[in-house]
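Colleague: Got a minute to go through this model with me? Let's put it up and start with who touches whom.

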Amino acid sequence: MDSRFSVPLIQPFIRCNNINMEEYEKCRYSSFNEFFTRKIKKGRRDFSVKEEDLCSPCDAKLGVYKIGENSTFMVKGTYYNMESLLKSHKLAQYYKGGTLCIFRLCVDDYHRYAYIDEGKQKKNYKIPGVLHTVNPVACGKYPVYKENSREFSILYSKNFGKVLMMEVGAMLVGRICNYNDETHAIRGQEKGRFEYGGSTVILAFAKDKAVIDKEILDNSRYGFETVVQMGSVIGKKAVKETGMEG
């Protein structure tokens with residue numbers, strides 16, 4: 001997909017997926033991946049300037065879930081709990097009682113993603129993909145165990161606390177391109193992009209740090225995803241209630 005020989009794939013892909021190229025910067029693409037990571041025109045994915053607004057980091061189909069003690073989540077065809085997703089018991093415990101947002105990108109979506117808030121991003125952790133059969137002799141079958149390649153970092157955000165940001169790619173070739181290892185992030189600043197083979201963004205919020213829009217929660221409760229765009233408001237900063245003195 002990085003080769004010039006992949007260029008003939010571009011126009012059929014656009015037609016097949018009904019991609020509106022008017023939204024994107026005009027460019028003469030030298031490879032399919034250059035097309036796949038195309039940039040949107042300025043002003044087409046602006047973030048809310050209101051600090052209390054929680055905005056989507058990307059174009060996607062969004063599902064939102066409560067992080068319980070025994071919660072499991074489907075990500076690119078594989079079930080994970082928080083500990084297996086993060087490979088960290090300590091982090092999994094920290095987000096218990098919080099909220100998990102899974103943004104599933106389709107092939108026609110904009111494949112770049114952004115920071116949801118200002119804050120300090122810590123280092124990236126990379127988890128390689130896994131694909132192998134499980135105990136075929138004992139089972140008499142050939143069940144397949146798989147995990148996708150993924151990367152995550154923590155954003156110490158101004159308004160939403162300690163936010164876990166994860167990108168999920170293909171099983172063995174992640175195609176995740178994060179631009180920064182450690183940095184001071186700005187709300188709406190581009191964080192990275194997916195090349196062909198990467199397609200999910202995950203955000204985890206600690207308990208009482210974010211309140212997701214009721215319609216999105218209702219959709220998720222009934223098993224439906226909500227179509228969102230980068231920069232669209234999906235919730236609010238949680239506000240702690242204070243008692244009134246008599």
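Modeller: Sure. Contact here means heavy atoms within 4.5 Å. And keep in mind that this is a predicted model.

Colleague: OK, so what does Leu62 touch, leaving out residues up to four places away in sequence?

Modeller: Quite a list: Cys101, Ile102 and Phe103, then Ile216, Ser220, Phe224, Glu225, Thr226, Val228 and Ile234.

Colleague: Which residues have the most contacts inside the largest nonpolar core?

Modeller: Leu62 is one of them, along with Leu54, Cys101, Phe103, Val163, Leu203 and Phe205. That core has 26 residues. Strands S2 (60-66), S5, S12, S16 and S17 (210-212) each give two or more residues to this core.

Colleague: Any other core?

Modeller: There's a second, separate one of 21 residues, with Val75, Met82, Ala92 and Leu164 among them.

Colleague: Switching to S16. Why is S16 largely enclosed by the rest of the structure?

Modeller: Because six of the six residues in that strand, 200-205, are buried.

Colleague: And which way do they point?

Modeller: Thr200, Ile202 and Ala204 go one way, while Val201, Leu203 and Phe205 go the other, and all are buried. In a regular strand the side chains alternate between the two faces of the sheet.

Colleague: Which strands are bridged to S16?

Modeller: S5 (residues 99-104) runs antiparallel to S16, joined by six bridges; Arg104 has Thr200 as its bridge partner there. S12 (residues 162-168) is also antiparallel to S16, with five bridges, and Glu167 is partnered with Val201.

How values were computed. Residues are numbered from 1 along each chain as its sequence is written. This is a predicted model: local features need pLDDT of at least 70, side-chain atom pairs count only at pLDDT 80 or more; totals for chains, interfaces and linings use all residues. Side-chain values use heavy atoms; hydrogens and water are left out. Buried means under 20% relative accessible area, exposed over 50%, partly exposed in between (1.4 Å probe, protein chains only). Helices (H or I, at least four residues) and strands (E, at least two) are DSSP runs, numbered from the N terminus. Two strands pair if DSSP finds at least two bridges between them. A nonpolar core is a set of buried Ala, Val, Leu, Ile, Met, Phe, Trp, Tyr and Cys residues joined through side-chain atoms within 4.5 Å.
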